[in-house]
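Subject: Model handover

Hello,

Here is the structure for your files. My notes on its empty spaces and one sheet follow below.

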Amino acid sequence: MLVAAPASGQGKTTVACALARLHARAGRRVRAFKCGPDFLDPHWLALATGHPVHNLDLWMTGADDARARLYAAASEADLIIVEGVMGLFDGEPSAADLAQRFGLPVLAVIDASAMAGTFGALAFGLQHFRPGLPWAGVLANRVASERQAQMLQDALSGERSRTDSDLLGAIMRNDAFSLPERHLGLTVASEIPDALARLDAAADALAATPLGRMDAAALTRWSVSFEPPVEIPAQAPLLAGRTIAIARDAAFCFVYPANLDVLRSLGAELAFFSPLADDALPPCDAVWLPGGYPELHAPTLAASTICRASLIAHVNASQALWAECGGMMLLFEELLTLEGETHAMWGLLPGSVTMQKRLTALGPQRLTLPAGALRGHTFHYSRCVSTLEPVCRTEPARAGASGAGEAVFRSGSVQASYFHAWFASNPEATASLFLSGDTD
């Protein structure tokens, strides 16, 4: 099923994780996906299921990619859970588009903390706004009492109700399973010492609802048959014999598991290092600095002299470096925080980065390189100023989107942008990012 909501902040991640955790604890094979571009919710879903979580998006990843991933998951899982993005009908494409394309029954999670009869109207609207939308039912979240839960049930089934939606449960308000947030979204699960205990508490709460009490036989009412994927030609090993070093720690954690799969399918060997631990680069032919939270670890990164020196030596040897978003922020000369502090960064690119109180860019983007176009997205709370002229810019995918797209900077063998690439959208273009001299 697809776990959706009328808006962000309703608790769909908590419910999706609780459902996954409940069935995983029971010994069922559970696979989860995240709708749309997102690095943070998948960390929680992976903790709940014990398996990598991939993204599904009809534009960024494409329908064929989504079909292949769903088909593969269905061949090895008892339950597939797809967490939606924003509100059910928000975005182009939306979670509703994905549900309709693949026949995924929608479970609508509604924050009912300040509702009674309006709960029925909202449920009715979500179910019937688009004809033919597959539907599972409604779950009330953050309910104050059993009395309120009965009022919500009455809103769906009373004489004046027009909805035929099932109330699949009411989850009471409880801080024991709240998931902490910060400026880019949920805090990464690995940073929360009691993360699994929170998911277990949420699963226990869900277990007391009609949805949570459904066994495997009862869940078959929402069975879906997925079409076999389109056959894809074998990928040429364009990165065979090359080792790519990838930053991976709390400051650089925005990595799609699918992107690692693409690099391996291109023939690359992957090695990981931690700038926060001041690791020297492992022996490698190219480096990838992914996004993350360098602003939260700026003093430590400023003091990472060994890692910085080895990265400079790598670039001085004209070896490729691709840096995206947080990885690019590390390469400028300084970073200015919201608190007014200035921290020296690594100085491989001229300029500075300043954190902002509000989101400065969000949305799907396309980067066109000589080797082809990559799809991806942008999402950041900082601005950069540099004397470097962009060699190109990304293009917003949505018609009428404001802004000129994200700048792509190049200095020697360094390429950097706020753009987050989905490597599977064009493996050939991806390979070009990690081959020195092939993008000129």
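α1 (12–25) and α7 (195–207) each give at least two residues to the lining of the second largest cavity. Helices here are DSSP runs of H or I with at least four residues, strands are runs of E with at least two, and both are numbered from the N terminus. A cavity is a set of points on a 1 Å grid over the protein atoms alone where a 1.4 Å probe fits but cannot get out; lining residues have an atom within 4 Å of a point.

The model is predicted: local features need pLDDT of at least 70, side-chain atom pairs count only at pLDDT 80 or more, and totals for chains, interfaces and linings use all residues. Residues are numbered from 1 along each chain as its sequence is written, and side-chain values use heavy atoms, with hydrogens and water left out.

**Cavities**

The structure holds 2 cavities of 30 Å³ or more. The second largest has about 40 Å³ of space. Volume means the space filled by probe spheres set on the grid points, which are joined across faces, edges and corners. Its lining consists of Thr14, Val15, Ala18, Asn141, Ile171, Phe177, Ala202 and Ala205. α1 supplies the largest share, 3 residues. By class, the lining has 6 nonpolar, 2 polar and no charged residues. Ala, Val, Leu, Ile, Met, Phe, Trp, Tyr, Cys and Pro count as nonpolar; Asp, Glu, Lys and Arg as charged; the others, Gly among them, as polar.

**Second largest pocket**

A pocket is an open set of points with protein on both sides within 12 Å along at least five of seven lines. The second largest one has about 680 Å³ of space. It is lined by 25 residues, and Asp65, Ile232, Ala424, Ser425 and Pro427 are the closest to its centre. Two or more lining residues come from each of α3 (58–74), α9 (257–265), β18 (372–380) and α13 (427–433). The largest share is from α3, with 8 residues. The lining divides into 14 nonpolar, 5 polar and 6 charged residues.

**Sheet**

An open sheet of 4 strands runs in the order β15-β14-β16-β19, with mixed pairing. Two strands pair if DSSP finds at least two bridges between them. β15 (342–344) and β19 (382–385) are the edge strands, each paired on one side only. β16 (residues 352–355) pairs with β19 in the antiparallel sense over 4 bridges. Val353 stands opposite Cys384 in β19.

Best regards
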